[in-house]
Amino acid sequence: MKYMLIMRATDEALESFQNVDFEQIMEAMGRFNDEMISAGVLVAAEGLDDAADGVVIDFSSQPPVVSDGPYGETKELFGGFWILDVASKEEAVEWAKRAPMTGPGQKTEIRRVTSIEEFPQDNEWIQKERAWRERTGQL
């Protein structure tokens, strides 16, 4: 089963890391990623650019409203993710508890990544997606 570990942090938590040496951050994240690679569970991992450089599309009205970051009243920002292929949610939780660069105002959300196998296989769009995944080596 695949699980996404989503790194979230408050503005204050993100600010607390502005004075941390970038090499120290790279070392901590690198070691953690290497542990997951060695264990054979890491599928993907990415960090995200500053929220101030992002865009939000709000679908509360028509046409949708596009706003530049930062996002105003956001309580927590999504900072990056890992995708793990593990045996259970409990195993994903154990990996998440070992994540580096954590502290007050930081959370990791864990969500199972659904598989194409869970959708109706006779659906035209699922069949097209399956063919694309097969062509690109994802299945």
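**Entry 1: a helix on the sheet**

I opened this predicted model and went first to α3, which lies across β1, β5 and β6. Its direction runs at about 35° to that of β1. I noted α3 as residues 89–97 and β1 as residues 2–9.

**Entry 2: the sheet itself**

Next I asked myself in what order the strands of the open sheet come. I read the order as β2-β5-β1-β6, four strands with antiparallel pairing. The edge strands are β2 (42–47) and β6 (106–113), and each of them pairs on one side only. I also looked up the twist: neighbouring strands are turned by 20° against each other on average, direction ignored. Then I turned to α2, which packs on this sheet and touches β1, β2 and β5. The direction of α2 makes about 25° with that of β5.

I stayed with β1 and β6 for a moment. How many bridges join them? I found eight, with the two strands running antiparallel. One pairing I jotted down is Ala 9 with its bridge partner in β6, Gln 106.

**Entry 3: the core**

I then looked for nonpolar residues packed together. The largest nonpolar core has 14 residues. Leu 5, Met 36, Trp 82, Leu 84, Val 86 and Trp 95 have the most contacts inside it. Which elements supply at least two residues each? My list reads β1, α2, β5 and α3.

Leu 5 got a closer look. Leaving out residues up to four places away in sequence, I saw Leu 5 touch Trp 82, Leu 84 and Trp 95, among others. The contacts of Leu 5 also include Ala 92, Ala 96 and Ile 110.

**Entry 4: aromatic rings**

I counted two aromatic pairs. Phe 32 and Trp 82 form one that is edge-to-face, with 5.1 Å centre to centre and 80° between the planes. This pair links distant parts of the chain, as Phe 32 sits in helix α2 (residues 22–39) and Trp 82 in strand β5 (residues 77–85), 50 residues apart.

Are these two rings buried or exposed? Phe 32 counts as buried because its relative accessible area is 3%, under the 20% cut-off. Trp 82 is buried too, with a relative accessible area of 3%. Ring pairs also bring in Trp 95, so I noted Phe 32, Trp 82 and Trp 95 as a cluster.

**Entry 5: a cis bond**

Last, I checked the backbone. Most peptide bonds are trans. Here, though, a cis peptide bond joins Gln 62 and Pro 63, with omega about 0°. I placed Pro 63 in the loop between β3 (55–58) and β4 (65–68).

Conventions:
Residues are numbered from 1 along each chain as its sequence is written. This is a predicted model: local features need pLDDT of at least 70, side-chain atom pairs count only at pLDDT 80 or more; totals for chains, interfaces and linings use all residues. Side-chain values use heavy atoms; hydrogens and water are left out. Rings of Phe, Tyr and Trp (its six-membered ring) pair if their centres lie within 6.5 Å; planes under 30 degrees apart count as stacked, over 60 as edge-to-face and the rest as tilted. Buried means under 20% relative accessible area, exposed over 50%, partly exposed in between (1.4 Å probe, protein chains only). A nonpolar core is a set of buried Ala, Val, Leu, Ile, Met, Phe, Trp, Tyr and Cys residues joined through side-chain atoms within 4.5 Å. Contact means heavy atoms within 4.5 Å. Two strands pair if DSSP finds at least two bridges between them. Axes are lines fitted to C-alpha atoms, for helices over the stretch in contact, and angles run from 0 to 180 degrees between N-to-C directions.
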